Amino acid sequence: MLLAGKTMFSKILRMQFLGPMQLSRLVMFLPQFVRLFYRLWTDDRVPMLAKAVPWMGALLMLTPPALELDMIPIVGELDWLVIGYLTLKVFIWLCPPDVVREHVVQIGRGE
C-alpha cells in the first residue's frame with residue numbers, strides 16, 4: 001500500500017510542463033476543443049451526470065477556500081487551471097465514447 005502511494009507521488013513529481021511545441025499545438029486546436037465541448041453539452045445522448053461535472057467544477061472554484069487562494073499571486077491562477085482541466089477531462093471521460101468519436105470525426109471533417 002505504501003509502495004503504491006510512493007510510486008503515484010513520484011509519477012506526479014515527474015510530470016512535465018508543456019513545452020513550446022505542445023503549447024502551440026494546444027492553442028491551435030483550442031477552437032476544436034471548444035466546439036467538441038459545446039457539441040457534447042448539447043447532445044441528448046450524454047448523461048446528465050456528465051453535464052453536471054462542469055457545473056460542480058465552477059461551484060468548487062467559487063467556494064471560500066478557492067477564493068482565498070486567489071489572493072496568492074501564482075497559486076490563485078494555478079488552482080483555476082487545474083480545476084478547469086480536471087473537470088473538462090472528467091466531463092469527456094463520462095461521455096459515451098462512441099458519441100465523443102462521432103463528434104470528433106464531424107469536427108475533423110469541418111461539419
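**Reading a six-helix chain: burial, bridges and contacts**

Biologist: I clicked on Arg-45 to start with. Is it buried or exposed, or somewhere in between?

Modeller: In between: Arg-45 is partly exposed, because its relative accessible area is 44%. The labels work like this: buried means under 20% relative accessible area, exposed means over 50%, and partly exposed covers what lies in between (1.4 Å probe, protein chains only). Before we go on, this is a predicted model, where local features need pLDDT of at least 70 and side-chain atom pairs count only at pLDDT 80 or more, while totals for chains, interfaces and linings use all residues. Residues are numbered from 1 along each chain as its sequence is written, and side-chain values use heavy atoms, leaving out hydrogens and water.

Biologist: Good to know. Which side chains meet Arg-45 in salt bridges?

Modeller: Here's the general idea: side chains of opposite charge can pair when their charged atoms come close. To count as a salt bridge, a side-chain nitrogen of Lys or Arg must be within 4 Å of a carboxyl oxygen of Asp or Glu. Arg-45 meets Asp-43 that way, at 2.9 Å from N to O. Arg-45 also pairs with Glu-102, where the closest N and O atoms are 2.9 Å apart. Arg-45 sits in the loop between helix 2 and helix 3, whereas Glu-102 belongs to helix 6, so this pair ties together parts that are 57 residues apart in sequence. Shared partners join Asp-43, Arg-45 and Glu-102 into one network.

Biologist: And how do the two acidic partners sit, buried or partly exposed?

Modeller: One of each. Asp-43 counts as buried, because its relative accessibility is 10%. Glu-102 is partly exposed, with a relative accessible area of 31%.

Biologist: How many salt bridges does the whole structure have?

Modeller: A search of the whole structure turns up 2.

Biologist: You keep numbering helices. How many helices and strands are there?

Modeller: The protein chain has 6 helices and 0 strands. Helices (H or I, at least four residues) and strands (E, at least two) are DSSP runs, numbered from the N terminus. Read from that end, the elements go α-α-α-α-α-α.

Biologist: Let's look inside. Which residues of helix 3 are buried?

Modeller: Ala-50, Lys-51, Val-53, Gly-57 and Met-61. Two of these, Val-53 and Gly-57, are touched by Thr-87, if you skip residues up to four places away in sequence. Contact here means heavy atoms within 4.5 Å. Thr-87 comes from helix 5, residues 73-94. It is buried too, at a relative accessible area of 14%.

Biologist: What about helix 6: which residues does Gln-106 contact?

Modeller: Gln-106, in helix 6 (residues 97-109), touches Arg-39 and Glu-111, leaving aside neighbours within four places in sequence. The C-alpha atoms of Gln-106 and Leu-36 are separated by 9.5 Å, although the two residues are 70 apart along the chain.

Biologist: Can we zoom out? What share of the contacts links residues 24 or more positions apart?

Modeller: Among contacts in the protein chain with a separation of 6 or more, that share is 65%. As for burial, 20% of the 111 residues count as buried. Phe-29, in helix 2 (residues 20-42), is partly exposed, at a relative accessible area of 40%.

Biologist: Last one: how much accessible surface does the protein chain have?

Modeller: About 9000 Å², with 76% of that belonging to carbon and sulfur atoms. Accessible areas come from the Shrake-Rupley method with a 1.4 Å probe, and for residues only the protein chains shown count as cover.
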